Amino acid sequence: MCHDCSGPPLSSRRSFARFLATGAGLTVLTACMPEAPQAAAPSPAPSSTSPSPAAATASATTTAEAAAVPPAAPEAAPAPSPSAALPRQFSLTDPASPWLIVNKRRPLVPAAYAPADLVRPAVAMTASGEAALLNSTTAAAAEAMFAAAARDGVSMVLASGYRSYATQVATYNSYVAARGQADADTASARPGYSEHQTGWAFDIADGNGACGFQPCFADQPAAVWAKANGHRFGFVVRYPWMFHPITGYYYEPWHLRYIGVEAATDMASKGIFTLEEYFGVEAAPGYL
C-alpha cells in the first residue's frame, strides 16, 4: 500500500505542566483604643523609638501574613529520558557518537563534518562513489544485517550511504530549484543537517528494485524485514510513519540509522519510534 505523504509538515505537539498556586487568607482583628478621660492631663508625646499602636498593629499584620504565605514550591525536575536507563551513555552532540541527534533544530558541529573512518561495506549495493561508504561501525553492522536478511530469503541493497557536505549542498539546491524551498525542506536536509553526512545512516532498496524511494517501499520485503529485525543489529527506521511532527520528515521506510544494538532493542521493547522521544530532546518539525 502506498502512503500519501504529500503536504506540509504538521505543527509540533507539546505537553505543558499546569501548576495551581494555593494561598492562605488571614483575618486580622484590630482593637479600638478607648478615649482618655477629659479630666486627665494630656499624655506625653510618644518616644521616637516606640512604635505607635497603629504601626504596631500593621507590623504584626505584615508578620502574620508573611508567616501564613507558604514558600514557593521548587520547580519539578524534568523526567529522565527513556535512554537514561541504559548502563552506557553516549553524547547526543558529538558527530562521532552513535547517539548523535541531528535534525532540523540540531545541526552538525562543525557543519562540514566528515567521518575519519569511512569504509565500503561488503554488501550488495547500487550506490557508487562516496555514497557506497559508511563509517566503520555502521558498515560492520550493515554487513551482519544484510547477511541475516539473505539467510531469511530477503534481498537487501545499499542504495545510498555517506553524503559529504558539498554533495548535500548540491542535493538540497536541486530540490529547491525543482520544488521551491518550502517543499524541499520536507524532502531533503539542508547542508549541515543531514544524517547521511555522519556515516551513521543509509538508505536501502529491495533486490527487485520495486518502489525505490517511494512510500510504497514500506510493503517490499526488504523494508518489512528491516523494520522487524533492524534493532537486532543496532538499526532503527529513522523517519517512521506519521511522526513527521516530531522528526520533521515524512515517512522514509528506506532510511535506516545506527544507534547500537542496546539502544535500538530498548526502543523496540518500549514501543518508542523516534530518537527525539527516546533521547528526550525537543521535537524538530521545522527549521528555526
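## Meeting E262 and R88

Let us start with one residue: E262 is partly exposed, because its relative accessibility is 33%, between the cut-offs of 20% and 50%. The model shown here is a predicted one, and E262 makes a good entry point to its salt bridges, of which the whole structure holds 8.

The partner of E262 is R88, and their closest N and O atoms lie 3.6 Å apart. This pair joins distant parts of the chain, 174 residues apart. E262 belongs to helix α7 (residues 261-270), while R88 sits in the loop between α1 (53-68) and β1 (118-119). R88 has a relative accessible area of 51%, so R88 counts as exposed.

## R179 and D183

Another salt bridge brings together the side chains of R179 and D183, with 2.8 Å from N to O. R179 is partly exposed, at a relative accessible area of 40%. D183 is partly exposed too, with a relative accessibility of 33%.

## A buried pair and its network

Now look at E195, whose salt bridge with R238 has its closest N and O atoms 2.9 Å apart. E195 is found in the loop between α4 (181-187) and β4 (201-206), and R238 in strand β5 (residues 235-239), so the salt bridge ties together parts that are 43 residues apart in sequence.

Are these two residues buried or exposed? E195 is buried, with a relative accessible area of 2%, and R238 is buried as well, at 1%. Both take part in a network of salt bridges that also includes R257 and E276.

Notes
Residues numbered from 1 in each chain as written. Predicted model: local features only at pLDDT ≥ 70, side-chain atom pairs only at ≥ 80, totals over all residues. Heavy atoms only, no water. Salt bridge = Lys/Arg side-chain N within 4 Å of Asp/Glu carboxyl O. Helix = DSSP H or I, 4+ residues; strand = E, 2+ residues; numbered from the N terminus. Buried < 20%, exposed > 50% of the residue type's maximum accessible area, 1.4 Å probe, protein only.
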